[in-house]
Amino acid sequence: MAATIRLEIVTPEKVAYAQEINILEGPAVDGEIGILPRHAPLVTCLKTGILKVTKDGERIKIAISDGFMEVKPEQINVIVRTAELPHQIDIERAKAAQQRARQRLDSEQEIIDYARAEAALNRAIARLKAAGHH
Ligand code: ATP
């Protein structure tokens, strides 16, 4: 049987995921990172994107927006602003958010909050990707 490590994904609202898993891959601030059981301890920032969780031969995608990851010998703690599993994602809502953000970024107005619109776009894209709609 493949080795496992406990993964907990927590947001300010809830425990989004808590399972024994085999592999975690995700968007660390300095590039994609892969964690296997018995990985060396580390703490890193996570960017908005997709966590890929391999468990019992299946790989699921979880949309996250930015936060932190702490890797300990027996457990991975992910603390993020938001996290959604594929079945929790409202695709129409994400498409609408994506469109709103694109319109803001394309607008000629000078007083747009570019970083905010770009972050909203990245969240929407991550949700659509996790739900298999991008
Ligand atoms: P929107 O403009 O649609 O609210 P947003 O990116 O601004 O999107 P967030 O502030 O990141 O939304 O999230 C607020 C809450 O709504 C969080 O609990 C998040 O998990 C949830 N959420 C946001 N978008 C979706 C979605 N498309 N499907 C399911 N839950 C979502």
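What follows is a working chat about a predicted model of a chain with a bound ligand.

Colleague: How many helices and strands are there in the chain?

Modeller: This is a predicted model, and the chain has two helices and eight strands, which follow one another along the sequence as β-β-β-β-β-β-β-β-α-α.

Colleague: And what are the domains?

Modeller: The chain is divided into domain 1, residues 5–84, and domain 2, residues 89–130. Their centres, taken over C-alpha atoms, are separated by 24 Å, and ten residues of domain 1 are in contact with seven residues of domain 2.

Colleague: Where does the ligand lie relative to domain 1 and domain 2?

Modeller: The ligand lies between them, because domain 1 and domain 2 both give residues to the shell around the ligand. Among the secondary-structure elements, β8, α1 (91–106) and α2 (114–130) each supply at least two residues of that shell.

Colleague: Which residues surround the ligand?

Modeller: The ligand is surrounded by Glu13, Arg81, Thr82, Glu84, Gln88, Ile89, Asp90, Arg93, Ala94, Arg100, Arg123 and Arg127. By class, this shell has eight charged residues, two polar and two nonpolar.

Colleague: What is 2.8 Å from the ligand's polar atoms?

Modeller: A polar backbone atom of Asp90 is 2.8 Å from a nitrogen atom of the ligand, and a polar side-chain atom of Arg127 lies 2.8 Å from an oxygen atom of the ligand. As for Glu84, an N or O atom in its side chain is 2.5 Å from an oxygen atom of the ligand. The protein covers 74% of the 590 Å² of accessible area that the ligand has on its own.

Colleague: Changing topic to Asn77: buried or exposed?

Modeller: Asn77 counts as buried because its relative accessibility is 14%, and buried means under 20%. Asn77 lies in strand β8, which runs over residues 75–84.

Colleague: Which side chain makes a polar contact with the side chain of Asn77?

Modeller: That is the side chain of Gln75, with a distance of 2.8 Å. Leaving aside residues up to four places away in sequence, Asn77 touches Glu8, Phe68, Met69, Glu70 and Lys72.

Colleague: Back to the whole chain, how much of it counts as buried?

Modeller: Of the 134 residues of the chain, 40% count as buried, while the chain exposes about 8,000 Å², with carbon and sulfur atoms supplying 50% of that area. Taken along the principal axes, the C-alpha atoms fill a box of roughly 55 × 25 × 25 Å.

Notes. Residues are numbered from 1 along each chain as its sequence is written. This is a predicted model: local features need pLDDT of at least 70, side-chain atom pairs count only at pLDDT 80 or more; totals for chains, interfaces and linings use all residues. Side-chain values use heavy atoms; hydrogens and water are left out. Helices (H or I, at least four residues) and strands (E, at least two) are DSSP runs, numbered from the N terminus. Buried means under 20% relative accessible area, exposed over 50%, partly exposed in between (1.4 Å probe, protein chains only). A polar contact is a pair of N or O atoms within 3.5 Å; within protein, one must be able to donate a hydrogen and the other to accept it, and residues adjacent in sequence count only if both atoms are side-chain atoms. Contact means heavy atoms within 4.5 Å. A residue is near a molecule or strand if one of its heavy atoms lies within 4 Å of it. Accessible areas come from the Shrake-Rupley method with a 1.4 Å probe; for residues, only the protein chains shown count as cover. Ala, Val, Leu, Ile, Met, Phe, Trp, Tyr, Cys and Pro count as nonpolar, Asp, Glu, Lys and Arg as charged, and the others, Gly among them, as polar. Domain bounds come from an automatic or database domain assignment.
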